[in-house]
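Work through the exercises below with the sequence and the model at hand, and try each task before reading its solution.

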Amino acid sequence: MATFELYRRSTIGMCLTETLDEMVQSGTLSPELAIQVLVQFDKSMTEALETQVKSKVSIKGHLHTYRFCDNVWTFILQDALFKNEDTQENVGRVKIVACDSKLLTQ
């Protein structure tokens, strides 16, 4: 199963990376094992989002910037409104990165 490394830039991914770095520096963990943990994290996040997330969200906002490079879309929205069936949330600025999941199966 191929994966993107996108989720490493999420809050939980950054915390995991920092913790692994600390463990490697202190000698608790080998660098090879730390890399294996990150690869497993990528796979687990991809699988969890594909199989466990069932809700849909609509997003409205001012499109500040958009980019398409190497089959990856990046959108930066300002004053975004996220809505699902239960709640809605206003966010001042949000970055959305979207990749074609069909690229993972090639």
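**Exercise 1: Placing V72**

V72 has its place in strand β2, where strands are DSSP runs of E with at least two residues, helices are runs of H or I with at least four residues, and both are numbered from the N terminus. The model is a predicted one, in which local features need pLDDT of at least 70 and side-chain atom pairs count only at pLDDT 80 or more, while totals for chains, interfaces and linings use all residues. Residues are numbered from 1 along each chain as its sequence is written, and side-chain values use heavy atoms, with hydrogens and water left out.

Task: find which residues V72 touches, not counting residues up to four places away in sequence.

Solution: Contact means heavy atoms within 4.5 Å, and on this basis V72 touches R67, V97, A98 and C99. As a further step, take V53, which is 19 residues from V72 along the chain; the C-alpha atoms of the two are separated by 21 Å.

**Exercise 2: T74 in the strand**

Task: decide whether T74 is buried or exposed, and list its contacts, leaving aside neighbours within four places in sequence.

Solution: Begin with the location, since T74 lies in strand β2, which covers residues 72–83. T74 counts as buried because its relative accessible area is 12%; buried means under 20% relative accessible area, exposed over 50%, and partly exposed in between, computed with a 1.4 Å probe on protein chains only. Once the sequence neighbours are left aside, T74 is in contact with T65, Y66, R67, K95, I96 and V97.

**Exercise 3: Three aspartates**

Task: state where D70, D79 and D86 lie, and what the accessibility of each one is.

Solution: D70 lies in the loop between β1 (58–69) and β2, and it counts as exposed because its relative accessibility is 68%. The phi of D70 is positive, about 55°, although D70 is not a glycine. D79 lies in strand β2 and is exposed at 61% relative accessibility; its phi is near 50°, again a positive value in a residue other than glycine. D86 is placed in the loop between β2 and β3 (88–99) and is exposed at 64%. The C-alpha atoms of D86 and I35, 51 residues apart along the chain, are separated by 39 Å.

**Exercise 4: The helix pair**

Task: describe how α1 and α2 pack, giving the angle between them and the distance between their axes.

Solution: Helix α1 (residues 11–26) and helix α2 (residues 31–51) pack at an angle of about 170°, with their axes 10 Å apart. The axes are lines fitted to C-alpha atoms, for helices over the stretch in contact, and angles run from 0 to 180 degrees between N-to-C directions. The pair is therefore roughly antiparallel, the term for angles over 145 degrees. The residues that meet include L16, L20 and V24 in α1, and A34, L38 and F41 in α2.

**Exercise 5: The annotated spans**

Task: find what the helix and strand content is in each of two spans, residues 4–49 and residues 60–101.

Solution: UniProt, in an unreviewed entry, places the "domain: Transcription initiation factor IIA gamma subunit N-terminal" at residues 4–49, a span that is 76% helix and 0% strand, with its end C-alpha atoms 13 Å apart. The same kind of record places the "domain: Transcription initiation factor IIA gamma subunit C-terminal" at residues 60–101, a span that is 0% helix and 81% strand, with end C-alpha atoms 23 Å apart.

Definitions and conventions. UniProt positions renumbered as here; feature names shortened; annotations may be inferred. Parallel < 35°, antiparallel > 145°, perpendicular 65-115°, else oblique.
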